[in-house]
Amino acid sequence: MYEGDIASVLISEEQIRARTAELAEDIAKRYPTGAPEGDLLLIGVLKGAVFFMTDFARALPIPSQMEFMAVSSYGSSTSSSGVVRILKDLDKDIAGRHVLIVEDIIDSGLTLSWLMRNLKTRNPASLEVVTLLRKPDAVKIDVDVRDVGFDIPNEFVVGYGLDYAERYRDLPYIGTLDPEVYGG
Ligand code: XMP
Ligand code: MG
């Protein structure tokens, strides 16, 4: 599939599966089951986080519920400005709930900073983040992200939800794109 477009496999299907299981086990320990706040509420950020969200939820040994948001970041195609627009908001109130944002990738971190500030104003009982991937620039941000699947080099990656012009999301692994694809 996509023959010739993928330069290298950065993270294999098996590596993703194993790391997701570890993260789910660790994170579950922090949330008491049967709490009066209700089940852990996962908030997935569309569309990139969809595959990670569903695999993570199934790996979690505690009950969880799912909501989705879609946001778009203003800025050039290569960097986000930190000005974010909500394309799809949550359907439910999150006040008093234990909320875990499930992200695909943190690059500059501007999108996530904005999202954290926005969701905090809705008064959740707690608000944390788990991201599958993190790029080097993310170390500069003020958001404390405890749970990271993989720290990756500063390269454009696709697959497992991540796209280039909406393509490659359906690849089961994370790969780097052949520069020919960008060049057109
Ligand atoms: P910031 O910079 O605000 O942006 O942390 C995070 C968002 O940028 C997109 N992004 C990527 N998408 N491959 C992608 O397919 C990448 O290598 C990549 N780096 C950043 C992504 O939408 C993410 O939510
Ligand atoms: Mg994208």
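Four exercises with worked solutions follow.

This is a predicted model, in which local features need pLDDT of at least 70 and side-chain atom pairs count only at pLDDT 80 or more, while totals for chains, interfaces and linings use all residues. Residues are numbered from 1 along each chain as its sequence is written, and side-chain values use heavy atoms, with hydrogens and water left out.

**Exercise 1.** Determine the order of the strands in the open sheet that contains β1, β8 and β9.

Solution. Strands are DSSP runs of E with at least two residues, helices are runs of H or I with at least four, and both are numbered from the N terminus; two strands pair if DSSP finds at least two bridges between them. The order is β1-β9-β8, with antiparallel pairing. Because β1 (6-11) and β8 (157-158) each have a single partner strand, they stand at the edges, and one side of each is left without a neighbour in the sheet. Between β8 and β9 (residues 174-177) there are two bridges, and V157 stands opposite T176 in β9.

**Exercise 2.** Work out how K135 is placed and whether its charge is matched by a salt bridge or left without one.

Solution. K135 belongs to the loop between β6 (126-134) and β7 (147-151). The residue is buried yet has no salt bridge, since D107, the nearest side chain of opposite charge, is 4.2 Å away. Here buried means under 20% relative accessible area, with exposed over 50% and partly exposed in between (1.4 Å probe, protein chains only), and a salt bridge needs a side-chain nitrogen of Lys or Arg within 4 Å of a carboxyl oxygen of Asp or Glu. A polar atom of the K135 side chain does, however, lie 3.1 Å from the backbone oxygen of E155.

**Exercise 3.** Describe the surroundings of β7.

Solution. Four of the five residues of β7 are buried, so this strand is largely enclosed by the rest of the structure. Four bridges join β7 to β6, and the two run parallel; V130 stands opposite D147 in β7. R19, in helix α1 (residues 13-28), has its C-alpha atom 9.5 Å from that of V148, although the two are 129 residues apart along the chain.

**Exercise 4.** Identify the residues that touch the most other members of the largest nonpolar core.

Solution. A nonpolar core is a set of buried Ala, Val, Leu, Ile, Met, Phe, Trp, Tyr and Cys residues joined through side-chain atoms within 4.5 Å. Of the 26 residues in the largest one, the answer is L42, F56, L133 and I174. Helix α1 gives the most to this core, with five residues.

Key
Chains are lettered from A and ligands numbered from 1 in the order in which they are written. Lys and Arg count as positive and Asp and Glu as negative; His and the chain ends are not counted. A polar contact is a pair of N or O atoms within 3.5 Å; within protein, one must be able to donate a hydrogen and the other to accept it, and residues adjacent in sequence count only if both atoms are side-chain atoms.
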